[in-house]
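I opened my notebook to write down, entry by entry, what I looked up in this structure.

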Amino acid sequence: MTTAPTTADSAEAAVQERIARLEFDLAGLDDPGNPLGAQQFLAADERRQLLPAAERLLDAFGLNAEFVPRELGGRLDRLDALARVLRAVFRRDAALGLGYGLTSFLAAVAVWTGGSTAQRRHTADLLLAGHRMACAYPEPPQGNAFLRNRLTARSDTGGYRLTGRKEAVNNAAGARALVLFAPGPEGPSAFLAPGVGTGDGLTLLPRRTTAGVRGCVIQGLAFDGWRLADDALLGPAGTGLAQAEAVFPLTRGAGLSMALGCADTALRTATAFARSRHARSSASLHTASTRAALVHAFADLLVCDCLSLVATRAPHLLPAESRTLGAVAKYLLPTVLNDMMDDLSIVLGVEAYAGGGSYGTFRKIARDLPMIGLGSAGTSASRTEIVAQLLRVPSLAPAGDPDRLAALFRPFDAALPPWTTGGTAADCDSLLDSVARTAEAAAGECGQALAEAAGILAVQARLLREACAELTAGPADRPISARAYALADRYALVVAGAACLGVWRHRPGSGFLSAPAWAAMALTRVACRLDKSAARRLSAGADELLTELLHRFDDARSYDLYATALGR
């Protein structure tokens with residue numbers, strides 16, 4: 001008797017079908033006959049434009065439907081699924097992924113969370129018609145100067161007038177709608193405004209030149225009493241900061257998860273280079289240092305994907321903790337990915353700086369990846385969020401049985417409730433609490449390598465708790481010590497390790513993820529960042545990962561948790 005597929009099975013199958021279709025349409029990046037191949041994207045990057053043929057393909061695919069909730073006619077119901085679909089785009093070109101895709105999502109999600117029924121319907125119709133959006137989120141005090149926001153809103157009869165500047169807005173010229181945040185008489189407010197060219201008082205500033213994502217058109221906006229009607233207000237007046245904070249858990253993890261597509265291509269490029277070297281070359285696969293660099297990069301990608309999985313599923317399953325988990329992803333992933341690029345550049349040697357040819361894509365990705373980490377909820381703001389969590393840790397209640405969170409760690413589990421934003425602060429730290437128990441399970445169910453790495457993580461989690469207790473032992477009005485900011489790194493790494501342990505603990509019954517080798521190597525990478533001496537003590541599954549890496553290279557499959565079949 002055959003069991004009928006569940007709704008969740010059908011939903012996951014639909015996601016995989018969309019990814020497969022997009023990969024097939026985009027075809028092989030290294031195919032010289034492909035009009036959407038690497039050389040075409042590199043040429044478009046030199047011209048500082050998005051590749052027109054790729055934009056037309058995404059129009060035909062209806063990529064904007066991925067940003068529109070299902071109840072409004074789109075395909076968006078899971079943040080992790082959205083990120084997986086967009087990886088196919090980022091795998092080819094970060095500028096295309098950011099300029100065509102992510103920027104519109106960043107703007108639209110503020111409407112989904114804070115807009116009226118009419119605003120949500122208007123935004124859905126706009127996106128489903130193929131138009132794009134842009135946004136100017138408020139910049140926290142810890143944010144970067146490149147995106148500094150200096151806007152104010154004053155009341156005017158039947159509406160508001162905006163004055164000031166926003167220095168860098170992606171898609172500013174071509175957007176049909178803008179999501180803006182500006183201090184007003186009632187406090188910071190959010191607005192859903194029409195695009196540039198609609199009314200006096202809004203001037204488009206000259207395009208800014210950037211080192212990375214050069215195809216994105218980034219310009220400033222100058223407001224001089226630009227008038228907006230009352231119905232442009234998103235949510236109640238004065239709630240702009242609260243609305244932005246409600247959006248960040250939905251966007252921090254999703255954006256960086258999409259960017260794993262760039263890192264995937266970088267690793268594939270380095271692997272192709274190593275395989276093409278003759279046996280005596282220092283960059284060939286016969287060299288231990290080359291093998292180690294490739295395996296470490298593969299393991300780092302798996303660590304990043306485990307953390308991305310948790311960060312994108314948390315708004316569905318752990319909404320009260322999603323703000324912290326999103327901040328951890330936004331804080332840690334850019335560091336790990338940029339370090340990975342540095343290590344792989346040693347393998348490529350001088351070819352890492354090639355502007356074109358077979359390896360020009362690597363240099364482009366090295367320029368693009370740091371740009372994706374920018375944003376109003378960037379690294380500094382995310383670290384501040386982590387420090388706030390460190391100060392809460394000593395007063396939090398135990399999280400309970402970690403197995404209750406199984407769905408958080410299962411990459412192919414589509415049975416998720418709708419995401420939730422806002423609400424009360426978390427009363428526990430589920431990932432931090434899960435480490436000791438999951439490490440215990442690792443010690444009893446697997447080989448020595450994973451057990452040792454999990455044991456180091458458990459020790460580091462305990463030491464972190466003790467350090468958090470020391471932070472809060474003094475007077476309540478004592479300034480936050482510099483040590484708290486140093487501990488943010490350790491907290492982020494412990495959470496990333498907990499995510500890897502969780503994915504292994506709730507692994508599928510067969511396939512690559514079911515074996516302990518990947519988890520041992522991933523945890524070893526985390527453990528070595530937490531404790532430098534761990535590199536000398538741990539023996540991990542490097543040989544198994546090298547075999548898997550080369551198999552995925554030959555079979556054209558992605559280097560993330562999903563081993564997605566890539567376009568050829």
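**The pocket**

I began with the lining of the largest pocket and found that its largest share, five residues, comes from H7. I keep in mind throughout that this is a predicted model. I then noted that helix H2 (38-46), H7 and H17 each supply at least two residues of that lining. In total 27 residues line the largest pocket, and those nearest its centre are Gly28, Leu29, Asp30, Asp31 and Arg268. For the space inside the largest pocket I wrote down about 600 Å³.

**Helix H11**

Next I asked how far apart the end C-alpha atoms of helix H11 are, and whether that agrees or disagrees with the span expected from its 14 residues. Counting 1.5 Å a residue, helix H11 (residues 379-392) should span 20 Å, and since its end C-alpha atoms are 20 Å apart, the two values agree. I listed Ala381, Ser382, Glu385, Ile386, Val387, Gln389 and Leu390 as the buried residues of H11. To read such a list I recalled that an α-helix has 3.6 residues a turn, so residues three or four places apart point the same way. The buried residues of H11 pack against four helices that I could name: helix H7 (240-276), helix H9 (322-348), helix H13 (448-471) and helix H14 (482-505).

**Aromatic rings**

I searched the whole structure for aromatic pairs, and nine came up. One of them joins Tyr160 and Phe191, whose rings are 5.2 Å apart centre to centre with 70 degrees between the planes, an edge-to-face pair. Tyr160 belongs to strand S3 (residues 159-170) and Phe191 to strand S5 (residues 187-194), so this pair ties together parts that are 31 residues apart in sequence. I checked both residues, Tyr160 and Phe191, and both are buried.

I turned to Phe412 and Tyr562, where the ring centres are 5.3 Å apart and the planes stand at 85 degrees, so I entered this pair as edge-to-face too. Phe412 lies in the loop between H11 and helix H12 (430-445), while Tyr562 is in the segment after helix H17 (542-555), so the pair ties together parts that are 150 residues apart in sequence. Is Phe412 buried or partly exposed? With a relative accessibility of 39%, Phe412 counts as partly exposed, whereas Tyr562, at 10%, is buried.

I also noted one aromatic cluster, formed by Tyr137, Phe181 and Phe248.

**Charges over rings**

Last, I looked at arginines over rings. The charged end of Arg277 sits over the ring of Phe273, 4.1 Å from its centre, and Arg507 lies over the face of Trp504, 4.2 Å from the ring centre.

Notes
Residues are numbered from 1 along each chain as its sequence is written. This is a predicted model: local features need pLDDT of at least 70, side-chain atom pairs count only at pLDDT 80 or more; totals for chains, interfaces and linings use all residues. Side-chain values use heavy atoms; hydrogens and water are left out. The expected span of a helix is 1.5 Å times one less than its number of residues. Buried means under 20% relative accessible area, exposed over 50%, partly exposed in between (1.4 Å probe, protein chains only). Contact means heavy atoms within 4.5 Å. Rings of Phe, Tyr and Trp (its six-membered ring) pair if their centres lie within 6.5 Å; planes under 30 degrees apart count as stacked, over 60 as edge-to-face and the rest as tilted. A charge sits over a ring if NZ of Lys or CZ of Arg is within 6 Å of the ring centre and within 35 degrees of the ring normal. On a 1 Å grid over the protein atoms alone, a cavity is a set of points where a 1.4 Å probe fits but cannot get out, and a pocket is an open set with protein on both sides within 12 Å along at least five of seven lines; lining residues have an atom within 4 Å of a point. Grid points are joined across faces, edges and corners, and a volume is the space filled by probe spheres set on the points.
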